[in-house]
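Notebook open, new structure on the screen. I'll jot down what I look up as I go, starting in the middle of the sheet.

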Amino acid sequence: MADARSRRREGDRRTPGAGRRRAPGGPAAAPGRVTGAPRRAPARAAAEGPRLDGRVIVVGVCGGIAAYKVAQVVSTLRRRGAEVHVLMTAAATRFVGPVTFKALSQHPVITDMWDPDSPWDEPHVALGERAHLLLIAPATADMIGRLAAGLAGDVVSATAVATRAPVLLAPSMSDVMYAAPVVQENLQRLRARGYRVVGPEYGRLATGKEGWGRMSEPATILDAIVSLLPARPLSDRGGAR
Ligand SMILES: Cc1cc2nc3c(=O)[nH]c(=O)nc-3n(C[C@H](O)[C@H](O)[C@H](O)COP(=O)(O)O)c2cc1C
């Protein structure tokens, strides 16, 4: 599958580069800069990729610094046509407000399995069945531990247990947490059970230092989602993990 960057390069090659272009109201291209296709903002570029119409992606957001990056993932999934439902742990709501994900996903955000106003009687079961894929991002050390133990005491972990769809984890934590043997063992155990994992990557961490533990960028997570979506009739919801 061609990624967004290579498609962008393709697009640049195909577009005649005659003359400099001026963005509406913006300055002319700087001398010496390669012109041709107008430069696209990174968010716009990330939206390019396969259409996801008819696909149902459930996104479980956990309480980590990288929760804000998941807003970009949700926004792009919607722009590509996916139906997106967001679940949040209590800790996640301390980092990003549910209203952000509600606006981006255009669906109510589930933060509490017991909410009497929820559109779903049993959100973990209903959304677990409906999902073509469950993304858990940022996957905290705590969530990874709970999943490895088979616990289902919050709406995100309960949905992971209640779905047959592929579950994709995007871990994000400090380098010390990520290197902790218990976290590595838990991830190993989850991989052996069929959970998929994207990242983390080496880079600048919330603490300011560099190390392994940085959540993969939205474009990388989106590529992983697309590669894991089962190729099957869209009417056939759920899948084997
Ligand atoms: C400011 C702050 C940032 C945190 N960032 C992370 C993080 O990036 N990764 C992580 O695993 N835990 C992080 N934690 C700890 C989690 O929030 C904590 O373990 C919480 O219980 C996770 O709950 P959840 O997995 O249900 O969302 C952070 C805590 C605080 C106070």
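I started with strand E3, residues 133-139. Seven of the seven residues of E3 are buried, so the rest of the structure largely encloses this strand. My cut-off for "buried" is 20 or more other C-beta atoms within 10 Å of the residue's own; 12 or fewer is exposed, anything in between is partly exposed, and the C-beta atoms are placed from the backbone. Helices (H or I, at least four residues) and strands (E, at least two) are DSSP runs, numbered from the N terminus.

Before going further, a note on the source: this is a predicted model, where local features need pLDDT of at least 70, side-chain atom pairs count only at pLDDT 80 or more, and totals for chains, interfaces and linings use all residues. Residues are numbered from 1 along each chain as its sequence is written.

**The sheet**

Next I checked who sits beside E3. Strands count as paired if DSSP finds at least two bridges between them. E3 runs parallel to E4 and is joined to it by four bridges, with Ile136 opposite Leu169 in E4. E1 and E3 are also parallel, again over four bridges, and here Ile57 faces Leu133 in E3.

What is the order of the strands in the open sheet? I read E2-E1-E3-E4-E5, five strands with parallel pairing. Strand E2 (83-88) and strand E5 (196-197) are at the edges with a single partner strand each, so each has one side without a neighbour in the sheet.

I looked at both edges. E1 and E2 pair in the parallel sense over six bridges, and Val61 stands opposite Met88 in E2. Five of the six residues of E2 are buried, so E2 is largely enclosed by the rest of the structure despite its edge position. At the other edge, E4 (residues 167-171) and E5 pair in parallel over two bridges. Leu169 has Val197 as its bridge partner in E5.

**The core**

I then looked up the largest nonpolar core, meaning a set of buried Ala, Val, Leu, Ile, Met, Phe, Trp, Tyr and Cys residues joined through C-beta atoms within 7 Å. This core has 57 residues, and those with the most contacts inside it are Ile57, Val59, Val61, Leu135, Ile136 and Ala137. E3 supplies the largest share, six residues. In soluble globular proteins, nonpolar side chains tend to be buried together.

I followed Val61 a bit further. Leaving out residues up to four places away in sequence, Val61 touches Ala67, Val70, Val86, Met88, Ala92, Phe101 and Ala137. "Touching" here is a contact: C-beta atoms, placed from the backbone, within 7 Å.

**Two helices**

Which residues of helix H5 (residues 123-130) are buried? I noted Pro123, His124, Leu127 and Gly128. They span an arc of only 115° around the axis, which puts them on the same side of H5; the arc is that of the directions from the helix axis to the C-beta atoms. That buried set packs against strand E1 (56-61), E2 and helix H7 (155-161).

In H6 (residues 141-149), I found Ala141, Met143, Ile144, Arg146 and Leu147 buried. Their cover includes E3, H7, E4, helix H8 (175-179) and helix H9 (181-192). Ala149, also in H6, counts as exposed because it has 11 C-beta neighbours inside 10 Å. Ala149 and Asn186 are 37 residues apart along the chain, with 8.3 Å between their C-alpha atoms. After H6 comes Gly150, whose phi is positive, near 75°.

**The ligand**

I count a residue as near the ligand if its C-beta atom, placed from the backbone, lies within 6 Å of it. How many residues surround the ligand? There are 16, the closest being Cys62, Gly63, Gly64, Thr89 and Thr140. H6 gives the most to this shell, with three residues.

**Whole chain**

Last, I took the totals. The protein chain has 10 helices and seven strands, and buried residues make up 39% of its 241 residues. Of the contacts between residues at least 6 apart in sequence, 72% join residues at least 24 apart.

Notes. Two residues are in contact if their C-beta atoms, placed from the backbone, lie within 7 Å.
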